[in-house]
Amino acid sequence: PGGEWVLKEDWLRPGATIIASGSDQPTKNELPPSVMAKAKFVTDITAQCSRVGELRSAIEAGLMTADSVHAEIGQIINGEKPGRIGNELIVCDLTGTGAQDAAIGSYVMKVLDGVVPGAMPPVFDANKPRLPAPKLYDYDTIINNVAPSRELTEAVEDAFSQLANGRVDVPLPMHIGIAETPEAGPGDCHIKGGYIEGAPTWTVKLANVSFYNNVKKGLPAGSGVFVVCDATNGGPKAVLHENRYLTDLRTGAAGAVAVKHLAVKGAKSVAFIGTGVIAESMARSTATVYGFEQGYGYSRDMSKNSAFCDKMSAELGYAFTPCSSAEDAVRNADVVFTQTPGGEWVLKEDWLRPGATIIASGSDQPTKNELPPSVMAKAKFVTDITAQCSRVGELRSAIEAGLMTADSVHAEIGQIINGEKPGRIGNELIVCDLTGTGAQDAAIGSYVMKVL
């Protein structure tokens, strides 16, 4: 468990090798730092070991730095660095890597090729009780039973509230890049998750996106699953094969929460820059808590733009007008939603009405940016999670431009929900930067389990 040192230096034989795998959190330590400092030190990943491995303890003791590491094990395998050359003491710090998980995943799929799940009778050992296997909910079951609703929006609103209260454990997102090779890619996997204190479940989500070669084969470029786990016993409770449907729903619900708390009083018109599935989700979810009277849409693809406006007009009961330019849409709107690929700025400051609210959700990677930094710097700036927005959101671009810092942020949306910080107080320009949080995924995971 890594709660105490398990050996002493004078117990070790000449040429001993210590392979330590008990330390995988910043609170754990099995080996005396003095032993590590005298050894040829090898890691699985040095950056990770310096944060959560045995190496971390030696660094904190002032006896080593990351530069003290002789090699990562892969460098020795590849012949880049020597392994053992004599009777030296060697310590190998194993914290566990995603590379191992990727390797065993591929290996297991090869071994199980042709095996029918459930075909073998279960082996029951009364002395080794098991947790039940998770249920698999397929895409059709999910889309036919889960839809935008006030209850769902309120669940996401509560998640933001609990996040601001410090009652949500939500790590920063993880990104896996799938390089393009003859066998794979290109594509990206985004992993988010979280647990809301007191909830019956927690959720981890994989959103697989930008697999654009799929389009040539008539397949969608995105897919994904939610893994919902039981907070009582830790067991996986369900696998939701949602293909980004639930991700879009929870993103839309966040937009609805932003409108509820940030839109100018009496706002009547809304514009959508980018008219894909996220725009549809934003419009539908917002309708559960706020009634606009006029909508506008803009997309470079005018047929797609017109189809969006026709669909939303029919569904939501107020008129949507397709615009021939982003400027026309923005000039007519009290609230502006932006949900584009984030490759370029989508509006200008002089297009905005007094009291405009911009809700930006297109930037969720360090390469994306929808809004001019100058616009953000002049606005009351609200985030879903400031630490995350400063790394991958619109805020990142304003910080890089030297026009803002993290301290320039007025509030996180949860602080406004909780009344810790004021929301709108007049006709000020407000920008809300939504990068998507594990708190939302946790909230929708619990909500969906209740619905299903």
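Which residue in strand 4 is the bridge partner of Ile 19? The bridge partner of Ile 19 in strand 4 is Cys 92. The report below starts with the chain as a whole and then returns to this sheet.

**The model**

This is a predicted model, in which local features need pLDDT of at least 70 and side-chain atom pairs count only at pLDDT 80 or more, while totals for chains, interfaces and linings use all residues. Residues are numbered from 1 along each chain as its sequence is written, and side-chain values use heavy atoms, with hydrogens and water left out.

The chain has 17 helices and 19 strands. Helices (H or I, at least four residues) and strands (E, at least two) are DSSP runs, numbered from the N terminus. Along the principal axes, the C-alpha atoms fill a box of roughly 80 × 60 × 45 Å. Of the 452 residues in the chain, 47% are buried. Buried means under 20% relative accessible area and exposed over 50%, with partly exposed in between (1.4 Å probe, protein chains only).

**The four-stranded sheet**

Strands of a sheet pair through backbone hydrogen bonds, either parallel or antiparallel. Two strands are taken as paired if DSSP finds at least two bridges between them. One open sheet has four strands in the order 1-4-2-3, with parallel pairing. Its edge strands are strand 1 (17-20) and strand 3 (71-72), each of which pairs on one side only.

Strand 4 (residues 90-93) is joined to strand 1 by four bridges, and four bridges also join strand 4 to strand 2 (residues 40-43). In strand 4, Ile 90 stands opposite Thr 17 and is also the bridge partner of Lys 40. Both faces of strand 4 are covered: Ile 90 and Cys 92 on one side, and Val 91 and Asp 93 on the other, are all buried.

**A crossover and an aromatic cluster**

Further along the chain, strand 13 (residues 294-298) and strand 14 (residues 319-322) run parallel and are joined by four bridges. Tyr 296 has Thr 321 of strand 14 as its bridge partner. Between these two strands the chain passes through helix 11 (residues 302-316), in a β-α-β crossover that is right-handed. The term right-handed applies if, with the strands pointing away from the viewer, the path from the first strand over the helix to the second runs clockwise.

The structure holds six aromatic pairs. Rings of Phe, Tyr and Trp (its six-membered ring) pair if their centres lie within 6.5 Å; planes under 30 degrees apart count as stacked, over 60 as edge-to-face and the rest as tilted. Two of the pairs involving Phe 308 are set out here.

| Pair | Centre to centre | Angle between planes | Kind |
|---|---|---|---|
| Phe 272 and Phe 308 | 5.6 Å | 65° | edge-to-face |
| Phe 308 and Phe 320 | 5.8 Å | 90° | edge-to-face |

Phe 272 lies in strand 12 (residues 269-273) and Phe 308 in helix 11, so their pair ties together parts that are 36 residues apart in sequence. Phe 320 belongs to strand 14, so the pair of Phe 308 and Phe 320 links parts 12 residues apart in sequence. Phe 272 is buried, at 1% relative accessibility, and Phe 308 is buried with a relative accessible area of 1%. Phe 320 is buried as well. Phe 272, Phe 308 and Phe 320 form one aromatic cluster together with Tyr 318 and Phe 337.

**The second largest pocket**

Rolling a probe the size of a water molecule over the atoms shows where empty space is left. On a 1 Å grid over the protein atoms alone, a cavity is a set of points where a 1.4 Å probe fits but cannot get out, and a pocket is an open set with protein on both sides within 12 Å along at least five of seven lines; lining residues have an atom within 4 Å of a point. Grid points are joined across faces, edges and corners, and a volume is the space filled by probe spheres set on the points.

The second largest pocket holds about 1,000 Å³ of space. Its lining has 27 residues, and those nearest the centre are Gly 98, Asp 101, Met 174, Ile 176 and Ile 191. Helix 5 gives the most to this lining, with eight residues. Elements that each supply at least two lining residues include helix 2 (46-52), strand 7 (174-178) and strand 8 (187-196).
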